[in-house]
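Thanks for asking me to look this one over. My notes follow as numbered points, best read with the model open beside them.

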Amino acid sequence: MTRFGFAIAATDGAARTGTIAMQRGTIRTPAFMPVGTAATVKAMKPADVERAGADIILGNTYHLMLRPGAERVARLGGLHRFMGWDKPILTDSGGYQVMSLSALTKRSEEGVAFASHLDGTRHMITPERSIEIQRLLGSNIVMAFDELVPTTSTREVQAAAMERSMRWARRSRDAFDGGGDHAASNAIFGIQQGALDEGLRRASADALVDIGFDGYAIGGLAVGEGQEAMFGCLDFAPGQLPADRPRYLMGVGKPTDIVGAVERGVDMFDCVMPTRSGRTGQAFTRGGPINIRNARFAEDQGPLDPECGCAVCSTWSRAYIHHLVRAGEMLGAMLMTEHNIAFYEALMADLRDAIAEGRLTAFANGFRARYDAPKGE
């Protein structure tokens with residue numbers, strides 16, 4: 001099988017459906033990647049993640065570097081063997097967590113020096129070290145190291161961060177290409193930056209294309225700017241990236257975020273929302289999210305989502321899961337998370353089918369109308 005191949009099977013407006021072919025398996029796009037921050041999709045076994053419909057998961061460079069350590073994971077056979085997941089894994093570069101979790105950071109052209117959020121020990125991540133960590137983990141899709149700044153920063157700050165990210169992208173690419181057998185059988189994505197500014201996004205895209213990557217991520221969104229502003233950026237950002245390569249919107253998002261981004265030409269997504277919500281009592285349904293803790297579910301014998309065919313909805317009632325969650329039983333979080341991941345993966349399947357059949361607009365409008373309809377709690 002090819003190292004990396006992206007084929008578009010059908011389009012509907014700006015939206016595309018297709019496949020990414022890699023040595024560890026095929027990824028159907030649009031694709032949602034469950035987040036496995038610390039070598040686990042929280043509250044789920046890998047076989048259940050696969051059964052829910054996931055073709056690929058995401059691992060986190062920053063967290064795995066700190067614990068248990070990339071060198072240790074490598075000695076234990078790599079991340080796939082370590083966690084028992086045989087399909088593709090994408091690892092983020094660690095840049096976002098360095099900026100968001102570390103109380104003390106010092107940025108320079110070399111990289112970012114920071115204090116661990118676990119024990120305060122000092123570390124340094126450079127583009128070269130980020131790529132090395134991802135190689136040690138055995139990542140199949142490696143992300144270039146970048147610098148993220150808030151969308152509320154001045155244009156001058158945003159421009160400086162974008163330009164530095166592009167210099168780091170070149171260093172990331174060079175480090176990846178020097179990775180021997182790992183580089184020969186895996187892929188690297190660049191990350192477009194530039195906040196909400198169309199000109200900065202264009203300059204970033206041009207720089208990344210000049211370097212050349214297997215795929216391109218849209219970074220720096222879903223960081224508090226709101227859906228309207230994010231969609232405003234997505235009205236131009238995906239089109240600035242090569243049409244023949246996958247486009248990955250990092251850290252997104254709510255189901256309606258995903259639907260709107262797919263309409264605008266995005267192919268890949270990741271977000272902690274389905275797993276985090278599962279642990280806090282929120283279930284996603286085609287009629288919108290529900291809070292299973294609510295007393296009205298105490299004797300509800302129906303499934304979490306009457307239209308869902310997942311193993312959870314086929315077996316357990318809202319009343320039982322309400323009881324588990326209210327009682328603090330860990331099975332409650334497990335069942336809620338499994339359903340939520342299955343919901344997200346089913347949404348991606350529905351989007352793929354709608355694009356292939358040329359009815360995306362009707363599907364998207366119908367989905368939003370039901371999902372956003374007022375609900376009584």
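1. How many of the eight residues of strand β2 (residues 15–22) are buried? Please keep in mind while looking that this is a predicted model. The count is six of the eight, so strand β2 is largely enclosed by the rest of the structure.

2. The neighbours of β2 come next. On one side, β1 and β2 pair in the antiparallel sense, with eight bridges between them. These two strands form a hairpin with two residues in between, and Gly13 in that turn has a positive phi of about 65°. On the other side of the sequence, β2 pairs with strand β3 (residues 25–29), also in the antiparallel sense, over five bridges. Here too the connection is a hairpin, and two residues join β2 to β3.

3. Ala21 is a handy residue for checking the register of these strands. Ala21 in β2 stands opposite Gly5, and in β3 its bridge partner is Thr26.

4. Now to the charges: by the rule used here, the model has 25 salt bridges. One of them joins the side chains of Arg3 and Asp214, at 2.7 Å from N to O. Arg3 lies in the segment before β1 (4–12) and Asp214 in the loop between α9 (198–211) and β12 (215–218), so this pair ties together parts that are 211 residues apart in sequence. The two partners differ in cover: Arg3 is partly exposed at 26% relative accessibility, while Asp214 is buried at 6%.

5. A local counterpart is found in helix α1 (residues 46–51), which holds both Arg51 and Asp48, three residues apart, or about one turn of the helix. Their side chains meet in a salt bridge of 3.2 Å, N to O. Why does Arg51 count as exposed? Because its relative accessibility is 53%, and the cut-off for exposed is over 50%. Asp48, by contrast, is buried, with a relative accessible area of 17%.

6. Do have a look at the salt bridge between Glu147 and Arg164, where the closest N and O atoms are 3.7 Å apart. This pair links distant parts of the chain: Glu147 sits in the loop between β10 (141–143) and α7 (155–177), and Arg164 in helix α7, 17 residues apart. Are the two partners buried or exposed? Glu147 counts as buried at 8% relative accessibility, and Arg164 is buried as well, with a relative accessible area of 18%. Both residues also belong to a network of salt bridges that links Arg107, Glu109, Glu147, Arg164 and Arg167.

7. Helix α7 also contains Ala159, a buried residue with a relative accessible area of 12%. For a sense of distance across the model, the C-alpha atoms of Ala159 and Gly18 are separated by 34 Å, and the two residues are 141 apart along the chain.

8. Finally, which residues form a positive surface patch? They are Lys42, Arg67, Arg276 and Arg279. Arg279 is placed in helix α12 (residues 273–280) and is partly exposed, with a relative accessible area of 36%. That value fits the patch rule, because patches are made of residues with over 30% relative accessible area and no salt bridge.

Technical notes. Residues are numbered from 1 along each chain as its sequence is written. This is a predicted model: local features need pLDDT of at least 70, side-chain atom pairs count only at pLDDT 80 or more; totals for chains, interfaces and linings use all residues. Side-chain values use heavy atoms; hydrogens and water are left out. Patches are made of residues with over 30% relative accessible area and no salt bridge: like charges are joined within 9 Å, nonpolar side chains (Val, Leu, Ile, Met, Phe, Trp, Tyr) within 5 Å. Accessible areas come from the Shrake-Rupley method with a 1.4 Å probe; for residues, only the protein chains shown count as cover. A salt bridge is a side-chain nitrogen of Lys or Arg within 4 Å of a carboxyl oxygen of Asp or Glu. Lys and Arg count as positive and Asp and Glu as negative; His and the chain ends are not counted. The place of a charge is taken as NZ of Lys, CZ of Arg, CG of Asp or CD of Glu. Helices (H or I, at least four residues) and strands (E, at least two) are DSSP runs, numbered from the N terminus. Buried means under 20% relative accessible area, exposed over 50%, partly exposed in between (1.4 Å probe, protein chains only). Two strands pair if DSSP finds at least two bridges between them.
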